[in-house]
Amino acid sequence: MLFLFIGYYDAEKMNQSSQQELDAVMERCNPPLETFFTKLNVLYEWHPGAETKRARLLDGQIQHQDGPDPDKTEQIGSLIVFEADDMEQAVDLALLHPTTQLPEAQKYGWRMEVRPLIDPKEAK
C-alpha cells in the first residue's frame, strides 16, 4: 500500500530561534533521517525549498499566489510518499522521522500525519 507522510512545523516557533540554533537542530536530524530513509521504501519526496503555488476562490475570482500561506503558523515541512504493508506498519515507520525522534520537536511544533493513498482505479 502507498502512504503519505506529512511533517508539520510551527513557523512562529522556528522563527524565534537563531540560524545557528536551527542549523544545529537540522544537523541532529541527519541520523534519524538516515534511518528513516534506509527503512522506508520512499517513492516521492517534497522539500519546503521547492517552488510552491497556491490558489483560492475569493469574491468569485481565482487568486493565485506563490509560496505557502503566510497567514498560517503551522507549515508543511515534509511530504513523502512511501510503501508499507498496512497502516500499523506505516505509522511504525513514520515514527522514525525526526518529528518524533528529537527532543526539540515539541519546542518547534513538529508533528506528523500518515494517510493512506488510494489508487483511483481500485476505488471504483
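A residue counts as exposed when its relative accessible area is over 50%, so Lys53, at 54%, falls in the exposed class. That cut-off will help as we walk through this predicted model. The protein chain has 124 residues, and 31% of them are buried. Six helices and six strands make up its secondary structure. Here is a short tour, from the overall fold down to individual side chains.

**Overall architecture**

- Reading from the N terminus, the elements of the protein chain follow the order β-α-α-β-β-β-β-α-α-α-β-α.
- The C-alpha trace of the protein chain spans about 50 × 45 × 20 Å along its principal axes.
- If we take the contacts between residues at least 6 apart in sequence, 75% of them join residues at least 24 apart.

**Surface and charge**

- About 8,600 Å² of the protein chain is exposed, and carbon and sulfur atoms supply 51% of that area.
- The protein chain carries 12 positive and 22 negative charges, and the mean positions of these two sets are 5 Å apart.
- Asp85, Asp86, Glu88 and Asp92 form a negative surface patch.
- One member of this patch, Asp85, sits in the loop that links β5 (74-83) to α3 (87-94).
- Asp85 counts as exposed because its relative accessibility is 62%, and the cut-off for that class is over 50%.

**Salt bridges**

- The model holds seven salt bridges, including the ones described here.
- Glu51 and Lys53 pair through their side chains, with an N to O distance of 3.6 Å.
- Both partners of this pair are exposed: Glu51 has a relative accessibility of 65%, and Lys53 has one of 54%.
- Glu113 takes part in a salt bridge with Arg111, where the closest N and O atoms are 3.1 Å apart.
- Glu113 also forms a salt bridge with Arg115, and here the closest N and O atoms are 2.7 Å apart.
- The two arginines are partly exposed, with Arg111 at 31% relative accessibility and Arg115 at 42%.
- Through shared partners, salt bridges join Glu74, Arg111, Glu113 and Arg115 into one network.

**A loop residue with positive phi**

- Asp59 is worth a look in the viewer: its phi is near 55°, which is a positive value in a residue other than glycine.
- You will find Asp59 in the loop between β3 (53-58) and β4 (61-66).
- Asp59 is exposed, as its relative accessible area is 76%.

**A buried glutamine in β5**

- Gln75 belongs to strand β5.
- With a relative accessible area of 11%, Gln75 is buried, because the buried class takes in residues under 20%.
- Apart from its neighbours within four places in sequence, Gln75 is in contact with Gly7, Tyr8, Tyr9, Ala11, Pro68 and Asp69.

**To take away**

- Two aspartates in loops are exposed, Asp59 at 76% relative accessible area and Asp85 at 62%, whereas Gln75 in strand β5 is buried.
- For charged side chains, good places to start are the negative patch of Asp85, Asp86, Glu88 and Asp92 and the salt-bridge network of Glu74, Arg111, Glu113 and Arg115.

Definitions and conventions. Residues numbered from 1 in each chain as written. Predicted model: local features only at pLDDT ≥ 70, side-chain atom pairs only at ≥ 80, totals over all residues. Heavy atoms only, no water. Patch = residues over 30% accessible without salt bridge, like charges linked within 9 Å, V, L, I, M, F, W, Y side chains within 5 Å. Areas by Shrake-Rupley, 256 points an atom, 1.4 Å probe, with all protein chains shown as cover. Salt bridge = Lys/Arg side-chain N within 4 Å of Asp/Glu carboxyl O. Lys, Arg positive; Asp, Glu negative; His and termini not counted. Charge placed at Lys NZ, Arg CZ, Asp CG, Glu CD. Helix = DSSP H or I, 4+ residues; strand = E, 2+ residues; numbered from the N terminus. Buried < 20%, exposed > 50% of the residue type's maximum accessible area, 1.4 Å probe, protein only. Contact = heavy atoms within 4.5 Å.
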